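This briefing gathers a few local features under two topics, polar side-chain contacts and backbone torsions. Please read it alongside the sequence and the coordinates.

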Amino acid sequence: NYNFTADSLNWSEISTGGLFRFYKGMINLTWSARFDPYVTDARGRRVNTFVADRSNKLWRTSGFGVQLNTVFTVKQLRDIFSGKETDVPTAPAQGPQANRPTVKDDLLGWFDDFRVNYSISLDRRLIPTGFAEARDTFVVGRHNVSFAGSIPLTSKWSINVNNIAYDFQSKQIVYPDFGFSRDLHCWTLSLSWQPQRGTYQFFINVKPGSFDFLKVPYRKNNFDAGL
């Protein structure tokens, strides 16, 4: 865009981006880029001088980044390795039986519904070295892997891993969240615990499709659990 009221730097940066999806959306690759028609000073501040006046280019690349995200279930991964067609996620069922876990016969089947999310991003940083010049440096903006899912112990009881993630940059587990749930026919009882934050939540909810306008929650947060 062009700002008619500004006394200098009337042109804004040009931004663009795109998205590529692979394997039915299990892998997403996004990219973004910014181009600036103005040069910068030694401190990286824009000045009212066009790049075209100092070089044969119309603009300079002021930013560029790519991000890779993968989201899939263990069942989808098993189907790929076994040569089966992966299932497309469907809308959840409604009614009292909707949230009832299905007990698996095999050990690996217990983890079929676990979701795996892997994310990594690379950003192009420009370190100014003078007018219209900069040194390119690629840095990792984010790099982590997370898991979430439910293990059906019986048709009534299940252990929930609401989130457990590992940050490769900080080299530590980030915000683990564990719990369990109990099927009470038209009701659901659940408890979740966040050991790193020192908090827990206890809920008794009505299942969707019955008296879902009712909700009787009990929640307590302890932010100083480590003290």
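Tyr175 has a relative accessibility of 44%, and therefore counts as partly exposed, since that class lies between the 20% limit for buried and the 50% limit for exposed. The model is predicted, and the points below take up the backbone of Tyr175 together with three further residues.

**Backbone torsions**

- Most residues other than glycine have a negative phi.
- Tyr175, which is not a glycine, has a positive phi of about 45 degrees, and its place is within strand β9, which covers residues 172-184.
- Leu9 likewise is a residue other than glycine with a positive phi, here near 50 degrees, and it is located in the segment that precedes β1 (14-22).
- With a relative accessibility of 27%, Leu9 is classed as partly exposed, because this value falls between the limits of 20% and 50%.

**Buried residues with polar side-chain contacts**

- Asp41 belongs to the loop that connects β3 (38-40) with β4 (46-50), and the side chain of Asp41 reaches the backbone nitrogen of Arg45 at 2.8 Å.
- Asp41 counts as buried because its relative accessibility of 12% is under the 20% limit.
- Ser158 is part of strand β8, which spans residues 157-167, and the side chain of Ser158 forms a polar contact with the side chain of Ser181 at 2.6 Å.
- At 5% relative accessibility, Ser158 also falls under the 20% limit and so counts as buried.

Key
Residues are numbered from 1 along each chain as its sequence is written. This is a predicted model: local features need pLDDT of at least 70, side-chain atom pairs count only at pLDDT 80 or more; totals for chains, interfaces and linings use all residues. Side-chain values use heavy atoms; hydrogens and water are left out. Helices (H or I, at least four residues) and strands (E, at least two) are DSSP runs, numbered from the N terminus. Buried means under 20% relative accessible area, exposed over 50%, partly exposed in between (1.4 Å probe, protein chains only). A polar contact is a pair of N or O atoms within 3.5 Å; within protein, one must be able to donate a hydrogen and the other to accept it, and residues adjacent in sequence count only if both atoms are side-chain atoms.
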